[in-house]
Amino acid sequence: MFPYFIWKGKNSVDMGVIVSEYPPITRPKERVTQKTVPGMAGNLTFVESDAMPIYESYLRTLYCYIRPGADKEKIMAWLTGGGQAVFGNEPERAYTARIINQIDFSKIVRGRDYYEFAIPFYCQPYKAQYPTEETITVTESGATFENPGNIPSLPKLTVYGNGAITVITLGGTAALTGIVGGIILDWQAQECTDLSGAVLQNSRVDGSNMFTVGTNTLTFLGTVSSIVVQPNWRWV
């Protein structure tokens, strides 16, 4: 198979685009503030969060060429905006990315329909599992999960139940009040909604949840029939 990438669900080879050079696999830069103090060697470093490092977005440039006969206009229309990117040298990881900068197509051989170009993917720092992991339905308190990522994950929990409910993970506790039918706790989006996803329910939630690296336990108290877990495993 030709070297490839996937953008917005389309494989580059199917579009007539072949990768000639992948970007390096990079750990993103941690976001810190450094201050120089007169008379003191070195710098003072201030982090944004004591709970876990906060990382910067970064640029990953992919070098490619177009096969003869491929439609350049369709390729240009495809390589726009934001979406999910999967690179052939990391086939089990997906990046949330955006193509912001211009793309220049240069002819490789005069008289031949070969073009080379570079695609600048501006990537968010966290990588997700690809294909996306399946949801897990929990019906009994005390279920265990193994987080395969190298940083804590922020899951999406769809809780079916009523009244006062407490959801406990190793990474935090969420106390829910006045629940009718259920609630969606989307810790990655930092929003809590009703089961339709349309009505905010943040005022009914105190606390948060996450899955730490390694083995986790999901415990709940109250009237709960089930919790559907979208783990959102991630890596840096």
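**Entry 1: Asn216**

I started with Asn216, which counts as buried because its relative accessibility is 0%. I'm working from a predicted model, so "computed" is the word to keep in mind throughout. I placed Asn216 in strand E18, which runs over residues 214-230.

What does the side chain of Asn216 reach? I found the backbone oxygen of Thr212 at 2.7 Å. I also found the backbone oxygen of Gly214, at 2.9 Å.

Next I listed what Asn216 touches, skipping residues up to four places away in sequence. The list reads Ala143, Thr144, Phe145, Asn147, Leu170, Met210 and Phe211.

**Entry 2: Ser226, on the strand I had just looked at**

I stayed on strand E18 and went to Ser226. Buried or exposed? Ser226 has 12% relative accessibility, and the cut-off for buried is under 20%, so I put it down as buried.

For its contacts I again left out residues up to four places away in sequence. Ser226 touches Thr137, Val138 and Thr139, and also Thr158, Val159 and Tyr160.

**Entry 3: the cores**

Val159 turned up again when I looked at the largest nonpolar core, which has 25 residues. Val159, Leu176, Leu185 and Ile227 are the members that touch the most others in it. Which elements give two or more residues to this core? I noted strand E13 (156-169), strand E14 (172-179), strand E15 (182-186) and E18. E18 gives the most, with five residues.

I picked Leu185 for a closer look. Leaving aside neighbours within four places in sequence, I have Leu185 in contact with Pro155, Lys156, Leu157, Val159 and Leu176, and also with Glu191, Cys192, Val205 and Asn209. Two of the names in that list, Val159 and Leu176, are on my core list as well.

Apart from this core lies another, of 24 residues. I jotted down some of its members, among them Cys64, Ile66, Ile75 and Ala97.

**Entry 4: salt bridges**

How many salt bridges are there? I get a count of three.

I took Glu56 and Arg31 to begin with: their side chains meet in a salt bridge at 3.5 Å, N to O. Glu56 sits in the loop between E5 and strand E6 (58-66), while Arg31 sits in the loop between strand E3 (17-21) and strand E4 (32-35), so the pair ties together parts that are 25 residues apart in sequence. Glu56 is partly exposed, with a relative accessible area of 29%. Arg31 is partly exposed too, and its relative accessible area is 29%.

Then I went to Glu90, whose side chain meets that of Arg60 in a salt bridge (3.7 Å, N to O). Glu90 is in the loop between E7 and E8 and Arg60 is in strand E6, so this pair ties together parts 30 residues apart in sequence. Both Glu90 and Arg60 are buried.

Glu90 also forms a salt bridge with Lys127, where the closest N and O atoms are 3.0 Å apart. Lys127 lies in strand E10 (residues 115-129) and Glu90 in the E7 to E8 loop, so the parts tied together here are 37 residues apart in sequence. Lys127 is buried, as is Glu90. I therefore drew Arg60, Glu90 and Lys127 as one network, since salt bridges that share partners join them.

**Entry 5: Glu92**

While I was at that loop, I checked Glu92. It is found between strand E7 (81-87) and strand E8 (93-99). Glu92 is exposed, with a relative accessible area of 52%, whereas Glu90 is buried.

What is Glu92 in contact with, leaving aside its neighbours within four places in sequence? I found Ala128, Gln129 and Tyr130. I also took a distance from Glu92 to Ile168: their C-alpha atoms are separated by 29 Å, and the two residues are 76 apart along the chain.

**Entry 6: a surface patch**

Last, I looked for nonpolar side chains on the outside. Which residues form a nonpolar patch on the surface? I have Met40, Leu44 and Phe46, with about 250 Å² of accessible area together.

I followed up on Phe46, which lies in strand E5 (residues 44-47). At 44% relative accessibility, Phe46 counts as partly exposed, because the exposed class needs over 50%.

Methods: Residues numbered from 1 in each chain as written. Predicted model: local features only at pLDDT ≥ 70, side-chain atom pairs only at ≥ 80, totals over all residues. Heavy atoms only, no water. Patch = residues over 30% accessible without salt bridge, like charges linked within 9 Å, V, L, I, M, F, W, Y side chains within 5 Å. Areas by Shrake-Rupley, 256 points an atom, 1.4 Å probe, with all protein chains shown as cover. Salt bridge = Lys/Arg side-chain N within 4 Å of Asp/Glu carboxyl O. Helix = DSSP H or I, 4+ residues; strand = E, 2+ residues; numbered from the N terminus. Buried < 20%, exposed > 50% of the residue type's maximum accessible area, 1.4 Å probe, protein only. Polar contact = N/O pair within 3.5 Å; in protein donor to acceptor, adjacent residues only side chain to side chain. Contact = heavy atoms within 4.5 Å. Core = buried A, V, L, I, M, F, W, Y, C linked by side-chain atoms within 4.5 Å.
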